[in-house]
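Here are my notes on the model you sent over. Have it open while you read, since I jump around the chain a bit.

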Amino acid sequence: MSVSVARVPTALASRYLQQLAKHWSHKMTVTFSPEEATIEFPDGSRLDMRADAETLDLALSVVAGADIDRMRAVVSGHLDRFAFREAPLTFDWREA
C-alpha cells in the first residue's frame, strides 16, 4: 500500500471534510465527525481526513497497482468543487 499525505490550508476544513464524506457515503463506507473522516474505496484504498481551524490534513492509502496520481486528482478535484469560492485549494501531496 502506498500512502500520500497533504496539508491543505483552509479555514473551512471541517465543512469540506463533512461535504466530501456525505457525498461519498452513498457509494462507499464512510465514518465521520466534524473533525475526522475515513472513506473506504471499493478497491481497498482509503482516505483519512482531519480538520482543524486552519488546515485539512489528508492521508490517502492506495492499494498496490492502483493509479496513485489519479486517486490524488479525484480527491483534490472533489474538494475543489466543494471549495469553489476559494478554489483551487493548495494540495502539497507527498509520499508518507
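What follows is a set of numbered points on the helices, the core, a few serines and some loop residues.

1. First, a reminder that this is a predicted model. Every number below is computed from it, so please read the points as comments on a prediction.

2. Start with the two helices. Helix α1 covers residues 13-24 and helix α2 covers residues 68-82. They pack at an angle of about 115°, and their axes are 10 Å apart. That angle makes α1 roughly perpendicular to α2, because angles of 65 to 115 degrees are put in that class. As for handedness, α1 goes past α2 in a right-handed crossing.

3. Which residues make up that helix contact? From α1 you have Tyr-16, Gln-19, Leu-20, His-23 and Trp-24. On the α2 side, they meet Val-74, Val-75, His-78, Leu-79 and Phe-82. Sorted by class, the contact of α1 with α2 comes to seven nonpolar residues, three polar ones and no charged ones.

4. Now the core. In soluble globular proteins, nonpolar side chains tend to be buried together. Here, the largest nonpolar core has 28 residues. Those with the most contacts inside it are Trp-24, Ile-39, Leu-47, Met-49, Leu-56, Leu-58 and Leu-79. Two of these names, Trp-24 and Leu-79, also turn up where α1 meets α2.

5. Where does the core come from? At least two residues each are supplied by β1 (2-9), β3 (36-40), β4 (46-51) and β5 (55-62), and also by helices α1 and α2. The largest share, six residues, is from α1.

6. Leu-56 deserves a click, as one of the residues with the most contacts inside the core. Leaving out residues up to four places away in sequence, Leu-56 touches Ala-6, Arg-7, Val-8 and Thr-10, then Ala-13 and Leu-17, then Met-49, Arg-50 and Ala-51, and finally Leu-79.

7. Next door in sequence terms, have a look at Glu-54, in the loop between β4 and β5. Is Glu-54 buried or exposed? With a relative accessible area of 63%, Glu-54 is exposed, because anything over 50% falls in that class. Glu-54 still has partners from elsewhere in the chain: not counting residues up to four places away in sequence, it touches Val-8, Pro-9 and Thr-10. Take Thr-10: Glu-54 and Thr-10 are 44 residues apart along the chain, yet their C-alpha atoms are separated by 5.4 Å.

8. On to the serines, beginning with the helical ones. Ser-76 lies in helix α2 and is buried, with a relative accessible area of 11%. Beyond residues up to four places away in sequence, Ser-76 touches Phe-91 and Trp-93. Ser-14 sits in helix α1 and is partly exposed, at a relative accessible area of 23%. With neighbours within four places in sequence set aside, Ser-14 is in contact with Pro-34 and Ala-51. For a longer ruler, Ser-14 and Arg-70 are 56 residues apart in sequence and 24 Å apart in space, C-alpha to C-alpha.

9. Two more serines are in loops. Ser-33 is in the loop between β2 (29-32) and β3, and its 27% relative accessibility makes it partly exposed. Apart from neighbours within four places in sequence, Ser-33 is in contact with Leu-17 and Gln-18. The C-alpha atoms of Ser-33 and Glu-95 are separated by 26 Å, with their positions 62 residues apart along the chain. Ser-25 is in the loop between α1 and β2 and also counts as partly exposed, at 35% relative accessibility. Ser-25 and Glu-36 are 11 residues apart in sequence and 14 Å apart in space, C-alpha to C-alpha.

10. Last, check the backbone at Pro-88, in the loop between α2 and β6 (94-95). Most peptide bonds are trans. The one from Ala-87 to Pro-88 is cis, with omega near 0°.

How values were computed. Residues numbered from 1 in each chain as written. Predicted model: local features only at pLDDT ≥ 70, side-chain atom pairs only at ≥ 80, totals over all residues. Heavy atoms only, no water. Axes fitted to C-alpha atoms, helices over the stretch in contact; angles between N-to-C directions. Helix = DSSP H or I, 4+ residues; strand = E, 2+ residues; numbered from the N terminus. Parallel < 35°, antiparallel > 145°, perpendicular 65-115°, else oblique. Left-handed = near helix turned anticlockwise from the far one by under 90°. Contact = heavy atoms within 4.5 Å. Nonpolar A, V, L, I, M, F, W, Y, C, P; charged D, E, K, R; others polar. Core = buried A, V, L, I, M, F, W, Y, C linked by side-chain atoms within 4.5 Å. Buried < 20%, exposed > 50% of the residue type's maximum accessible area, 1.4 Å probe, protein only.
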